[in-house]
Amino acid sequence: MNCSRLVMVSLLGLLLGWMPLRGQEVRFGAPFDFPLYLSGNFGELRSNHFHGGLDFKTQGVVGKPLLAIADGYISKVTVTPGGYGNALYLTHDNGYTSVHGHLDRFLPEIAELVRKKQYAEQAFAVTLEFGPDEFRFRQGEVVAYAGNTGYSFGPHLHMEIRKTATNEPIDPLPFYKDKITDNIAPRATRIMVYGAPQRGKVTLSKPLKGATEINEKIIVNCQLPIVNCMEAWGRISAAISANDYMNGTHNNYGVRYVRLYVDDRLVSSSDVDRFSFDENRLINSWTDYAEQRSTGRWYMRASIAENNELRMLRADEQRGWVTIDEERDYHFRYELEDLYGNRSVYRFVVRGKR
């Protein structure tokens, strides 16, 4: 083998050693050595942003050892009075970076470096970055201790998994389906039906307990059976307020999949599997911002605004609007589903009336 070919083969070997092979399954270990329960899931609707990771319960205490979920190295630590508090960034050999927030404390050698930087900068909030050869670890090794720092509001671990190349957070739950039990379907509490400004109108055709007309929107309680109390004409759409649930907790979570069908045709859907941080502001376009501000309830709209390019949203050529232009019954169906396949269905009828 000539020298140039040998160099090329050697470089290829190095690249394959550091990059995940195409089609190779990526696996992550558990962050703790006790049963896993969540207090928050990926993509939950929060004020002006989506929740970027999973919140793991720590049995109500601080100081639980945090285990590395894959081989790699400590690339960054940050200390802030709010936000993630004490946070640890682990860059893994598989092309992903995990972020661990609200930690109680770092490993002693890391803590000493943090203390020295705080004194040197005469500041509490500091950031330290490290190279790939400074603090390496193997999956399952203790890398820090879970806590309650920053904007935590109770002991837990906030954990994100991001693509290292793009810093884009993805849903970590698929890596832990076999470690977290869930056979409870998502549930909706209310459905909203509304008309397009100047182009559609929806009204209650008859009084019905659990259905109200407010600000040209119809809001229906989902505890009702199939609802047939609305009339509409023109362009209308819908929104739904819903949560997911899991075994062994009293928490509620964001819904992974939401789909709206009209006469069995898929009109709009969402799949909360990933987002980029510059998409966070679009949460106020997807949801009904005014309703959330006035009532505290989150409604996920089926219609997608022209300037809303959230990749988690999909819609037909009318961007989730439905044209009511025939005097007949239009059958709407919402389907909610979690990552485990647990599903619930809600139906209502809109009667076309000129």
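Reader: How do the residues lining the largest cavity divide into nonpolar, polar and charged?

Author: Eight are nonpolar, three polar and two charged. Ala, Val, Leu, Ile, Met, Phe, Trp, Tyr, Cys and Pro count as nonpolar, Asp, Glu, Lys and Arg as charged, and the others, Gly among them, as polar. This is a predicted model: local features need pLDDT of at least 70, side-chain atom pairs count only at pLDDT 80 or more, and totals for chains, interfaces and linings use all residues. Residues are numbered from 1 along each chain as its sequence is written, and side-chain values use heavy atoms, with hydrogens and water left out.

Reader: How much space lies in the largest cavity?

Author: About 80 Å³. A cavity is a set of points, on a 1 Å grid over the protein atoms alone, where a 1.4 Å probe fits but cannot get out; lining residues have an atom within 4 Å of a point. Grid points are joined across faces, edges and corners, and a volume is the space filled by probe spheres set on the points.

Reader: Which lining residues are closest to the centre of the largest cavity?

Author: Val258, Ser268, Ser270, Arg301 and Ala302, out of 13 that line the largest cavity. Strands E18 (257–262), E19 and E20 (300–301) each give two or more residues to that lining. Strands (E, at least two residues) and helices (H or I, at least four) are DSSP runs, numbered from the N terminus.

Reader: Where is Ser268, and is Ser268 buried or exposed?

Author: Ser268 sits in strand E19, residues 265–271. Its relative accessibility is 7%, so Ser268 counts as buried. Buried means under 20% relative accessible area, exposed over 50%, partly exposed in between (1.4 Å probe, protein chains only).

Reader: What does Ser268 touch?

Author: Leaving out residues up to four places away in sequence, Ser268 touches Val258, Arg259, Leu260, Ala302, Arg314, Ala315 and Gly320. Contact means heavy atoms within 4.5 Å. A polar atom of the Ser268 side chain also lies 3.5 Å from the backbone oxygen of Arg314.

Reader: Next, Ser237. Which backbone atoms does the side chain of Ser237 reach?

Author: The side chain of Ser237 reaches the backbone oxygen of Gly320 at 2.9 Å. It reaches the backbone nitrogen of Ser303 at 3.4 Å. A polar contact is a pair of N or O atoms within 3.5 Å; within protein, one must be able to donate a hydrogen and the other to accept it, and residues adjacent in sequence count only if both atoms are side-chain atoms.

Reader: Which strand is Ser237 in, and is Ser237 buried or exposed?

Author: Ser237 lies in strand E17, residues 227–243. Ser237 counts as buried, at 1% relative accessibility. From Ser237 to Thr323 is 86 residues in sequence and 8.7 Å in space, C-alpha to C-alpha.

Reader: And Ala238, buried or exposed?

Author: Buried, with a relative accessible area of 0%. Ala238 is in strand E17 too. Beyond neighbours within four places in sequence, its contacts include Met192, Leu260, Met300, Tyr334 and Phe348. The C-alpha atoms of Ala238 and Pro174 are separated by 29 Å, with the two positions 64 residues apart along the chain.

Reader: Switching to cysteines. How many disulfides?

Author: Zero. The cut-off is a pair of cysteine sulfur atoms within 2.5 Å. The sulfur of Cys222 has its closest cysteine sulfur in Cys229, 12 Å away, which is too far for a bond.

Reader: Are Cys222 and Cys229 buried or exposed?

Author: Cys222 is buried at 10% relative accessibility. Cys229 is buried at 0%.

Reader: Now pockets. How much space lies in the largest pocket?

Author: About 410 Å³. A pocket is an open set of points with protein on both sides within 12 Å along at least five of seven lines. Of the 29 lining residues, Ala242, Asn243, Tyr253, Gly254 and Val255 are closest to the centre of the largest pocket. E17 gives the largest share of that lining, three residues.

Reader: What classes line the largest pocket?

Author: The lining has 13 nonpolar, eight polar and eight charged residues.

Reader: And what volume and lining does the second largest pocket have?

Author: Its volume is about 340 Å³. The lining of the second largest pocket has seven nonpolar, no polar and 10 charged residues. Glu25, Val26, Arg27, Pro174 and Phe175 lie nearest its centre.
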